[in-house]
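Take a walk through this fold, from packed helices to cores to single residues. Keep the structure open as you read.

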Amino acid sequence: MPPVLLYYAIPAFVFLFCLEAWFSYRENKHFYETKDTFSSLALGIGNIVSGLLTKALIFGLFSLIYRFRFFTLDGTRWWHWAIAFLADDLSYYWFHRSSHYINWFWASHVVHHSSQKYNLSAALRQTWTGNITGAFLFWCWMPLVGFHPIIVLTLQSASLIYQFWIHTETIHILPRPIEFIFNTPSHHRVHHGVNLKYLDRNHAGVLIIWDRLFGTFQKEEEPPQYGLTSNIGSFNPVIIAFRTWTDLIKKARHAGSFRNALLYFIKPPGWSHDGSSLTTRELIDEYERLHPDKPVR
Ligand SMILES: [Zn+2]
Ligand SMILES: [Zn+2]
């Protein structure tokens, strides 16, 4: 089992979020809410525990795939790492985008979006079920091409470390070249916004160029409202971790047919067989039908 870089960064994460919470308190900014913060911390700890249990299995699977590799990119040359970084970041983009478009993945990822606050502690608010429901599938192609499993797991950790600092309202806009290339606090605030024009935008990990390339980029143009279009309404970490799963199972059981039941897990969040709830696309279409002179994006 390789050392997971992310775990070494935890003391720095805790120090920085305490610093931000103190700044927020001193300046009366209301970035934090006590119950919400404890809930984020508990979800972060649960994520570490589930990671300890599952990362070894994923490493084993990647090692098995690596035996059938096309090339050998074992990290002994600097450019192995450079290409691996791009490959990892691209994998992250599609994993994250799929997490917003397919209920099966959304039911895990929803945890990260469940806070109505936007602060460094919200970065720690992570799923407990992501690894066991197949998030790793998006990276399986990397050991097959020939990237050593240690490189893949190290870069996954590095990406999550990078994404910590962008969960803040204390940094507004950075110089233009940085905002053009990298995922920044401004771009990621958009990602956490439930304003119609912000829904399902900016799925990047480190490089925002993927969103620009694949047509999912949205600039921060108005103050974001944080959370979910339909908030979970609980600070209990167990409820937050499993609510969307139990909701999906309930909806599937009452779907009327096996086909509809299956569709609940494949379709985007908000999809319903009877129109009782709406997807992002349907919400936008509905708004634009009512306001034909005001396109959302
Ligand atoms: Zn997301
Ligand atoms: Zn985030």
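In which hand does α1 pass α7? The crossing of these two helices is right-handed. Bear in mind that this is a predicted model.

Start with that pair. Two packed helices are described by the angle between their axes and the distance between the axes. Helix α1 covers residues 5-26, and helix α7 covers residues 149-164. Their axes lie 8 Å apart, at an angle of about 20°. Angles under 35 degrees count as roughly parallel, so α1 is roughly parallel to α7. Now look at the residues that meet. From α1 come L5, L6, A9 and F13. From α7 come T154, S157, A158, L160, I161 and F164. By class, this contact of α1 with α7 has 8 nonpolar and 2 polar residues. Charged residues are absent from the contact of α1 with α7.

Next, turn to α2 and α11. Their axes come within 8 Å and cross at roughly 65°. Angles of 65 to 115 degrees count as roughly perpendicular, so α2 is roughly perpendicular to α11. On the α2 side, the contact is made by S39, A42, L43 and G46. On the α11 side, P237, I240 and A241 take part. The residues in this contact of α2 with α11 divide into 5 nonpolar and 2 polar, with no charged ones.

Now go inside. In soluble globular proteins, nonpolar side chains tend to be buried together. Here the largest nonpolar core has 23 residues. Which of its residues touch the most other members? They are A84, W139, F147, I151, V152, A204 and L207. Three elements give two or more residues to this core: α2 (34-66), α3 (78-101) and α7. Take V152 as a way in. Leaving aside neighbours within four places in sequence, V152 is in contact with F62, D88, W139, M142, P143 and F147. Another core lies apart from the largest one. This other core has 9 residues, among them L43, F105, V110 and V111. L43 also belongs to the contact of α2 with α11.

Two backbone angles deserve a look. Most residues other than glycine have a negative phi. H30 is not a glycine, yet its phi is positive, at about 60°. H30 sits in the loop between α1 and α2. Is H30 buried or exposed? It counts as exposed, because it has 11 C-beta neighbours inside 10 Å. D200 also has a positive phi, near 55°. Its place is the loop between α9 (185-192) and α10 (209-214). D200 has 17 C-beta neighbours inside 10 Å, so it counts as partly exposed.

Finish with two residues in helices. K250 lies in α11, which spans residues 237-253. K250 counts as exposed because it has 11 C-beta neighbours inside 10 Å. How far apart in space are K250 and H148? From C-alpha to C-alpha they are 41 Å apart, with their positions 102 residues apart in sequence.

N260 is in helix α12 (residues 258-266). It has 17 C-beta neighbours inside 10 Å, so N260 counts as partly exposed. Not counting residues up to four places away in sequence, N260 touches A255 and H273. N260 and S272 are 12 residues apart in sequence. In space, C-alpha to C-alpha, N260 and S272 are 8.7 Å apart.

Definitions and conventions. Residues numbered from 1 in each chain as written. Chains lettered and ligands numbered in written order. Predicted model: local features only at pLDDT ≥ 70, side-chain atom pairs only at ≥ 80, totals over all residues. Axes fitted to C-alpha atoms, helices over the stretch in contact; angles between N-to-C directions. Helix = DSSP H or I, 4+ residues; strand = E, 2+ residues; numbered from the N terminus. Parallel < 35°, antiparallel > 145°, perpendicular 65-115°, else oblique. Left-handed = near helix turned anticlockwise from the far one by under 90°. Contact = placed C-beta atoms within 7 Å. Nonpolar A, V, L, I, M, F, W, Y, C, P; charged D, E, K, R; others polar. Core = buried A, V, L, I, M, F, W, Y, C linked by C-beta atoms within 7 Å. Buried ≥ 20, exposed ≤ 12 C-beta atoms within 10 Å, placed from the backbone.
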